[in-house]
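Got the model open in your viewer? Set it to cartoon, keep the selection box handy, and follow along stop by stop.

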Amino acid sequence: VSLHAANDELRDELVPINRRYPIAVLMEACDEYLDIKGRRLSFEWALISGVNDRNRDASELAELCHARRLPAHVNLIPLNPTPGYEVRGSSRIQVHAFRDRLEALGVNATVRQNRGTDIAAACGQLAAGQPVRLTARDQRDSK
């Protein structure tokens with residue numbers, strides 16, 4: 001689950017679909033998944049410096065993880081630098097501090113490695129700066 005924020009105010013900014021499906025609705029779906037599949041959830045969390053890498057964010061995330069019947073795992077992803085996107089990813093030190101805070105709160109967390117950043121091929125970078133072109137089919141489907 002691409003979570004990135006554990007409160008609706010911040011998640012509305014980071015993940016606009018949250019306005020339609022707020023965290024409470026998302027967590028209901030997550031709990032249904034747990035009931036049906038019985039498999040642990042994984043929350044993806046792209047760390048943005050000063051935005052969602054604070055102690056408060058870790059505490060809110062830990063609450064969501066522990067509220068599930070089977071506590072969720074968190075994949076921490078340092079945000080990749082992307083041309084045209086003003087915010088910056090958390091430093092390596094802050095990423096590890098956030099992970100340590102989660103672990104101190106009893107959350108299983110893994111720091112994902114960035115790959116491809118050195119050649120601008122990391123997630124979100126390949127299409128950055130490219131104009132979006134709609135095909136006739138895309139335009140027809142959006143009506």
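Here is a tour that goes from the whole chain to the sheet, then to two helices and a few single residues.

**Before you start**

This is a predicted model, in which local features need pLDDT of at least 70 and side-chain atom pairs count only at pLDDT 80 or more, while totals for chains, interfaces and linings use all residues. Residues are numbered from 1 along each chain as its sequence is written, and side-chain values use heavy atoms, with hydrogens and water left out.

**Stop 1: the whole chain**

Colour by secondary structure and you should find 5 helices and 3 strands. These are DSSP runs numbered from the N terminus: H or I over at least four residues for helices, E over at least two for strands. Walking from the N terminus, the order is α-α-β-α-β-α-β-α.

Now switch on a surface. The chain exposes about 9,200 Å², with 51% of that supplied by carbon and sulfur atoms; the area comes from the Shrake-Rupley method with a 1.4 Å probe, and for residues only the protein chains shown count as cover. Of the 143 residues, 34% are buried. Buried here means under 20% relative accessible area, exposed means over 50%, and partly exposed lies in between (1.4 Å probe, protein chains only).

Contacts mean heavy atoms within 4.5 Å. Among contacts with a separation of 6 or more, 70% join residues 24 or more positions apart.

**Stop 2: the sheet**

Select 42–47, 73–78 and 109–111, which are β1, β2 and β3. They make an open sheet with parallel pairing, in the order β1-β2-β3. Two strands count as paired if DSSP finds at least two bridges between them. β1 and β3 are the edges, each pairing on one side only. On average, neighbouring strands are turned by 25° against each other, direction ignored.

Zoom in on β1 and β2, which pair over 6 bridges. Which residue of β2 stands opposite S42? It is H73.

Next add 55–66. That is helix α3, lying across β1 and β2 and running at about 170° to β1. Such angles run from 0 to 180 degrees between N-to-C directions, with axes fitted to C-alpha atoms (for helices, over the stretch in contact).

**Stop 3: A46 in β1**

Click on A46, back in strand β1. A46 counts as buried, at 14% relative accessibility. Beyond its neighbours within four places in sequence, A46 is in contact with H4, N52, I77 and L79. Try a distance to G89 as well: 43 residues away in sequence, yet 7.9 Å from A46, C-alpha to C-alpha.

**Stop 4: helix α2**

Select 23–37 for α2. Its 15 residues reach 20 Å from first C-alpha to last, close to the 21 Å expected at 1.5 Å a residue; the expected span is 1.5 Å times one less than the number of residues.

Show side chains for I23, L26, M27, C30 and L34, the buried residues of α2. They line one face of the helix, because they fall within an arc of 95° seen down its axis. The arc is that of the directions from the helix axis to the C-beta atoms. An α-helix has 3.6 residues a turn, so residues three or four places apart point the same way. The packing partners of this buried set are α1, β1 and α3.

Spin to the other side of α2 for the exposed A24, E28, D35 and I36. A24 has 52% relative accessibility. Just past the helix, G38 has a positive phi of about 70°.

**Stop 5: N18 in the loop**

Step back to N18, in the loop between α1 (8–14) and α2. Is N18 buried or exposed? Buried, with a relative accessible area of 1%. Leaving out residues up to four places away in sequence, N18 touches D8, R11, D12 and I23.

**Stop 6: helix α4**

Finish with 92–104, which is α4. Its 13 residues span 18 Å, close to the 18 Å expected. V95, F98 and L102 are its buried residues, and they sit on the same side of α4, covering an arc of only 65° around the axis. Their cover includes β1, α3, β2 and β3. On the face turned away you will find R92, I93 and A104 exposed. After α4 comes G106, with a positive phi near 85°.
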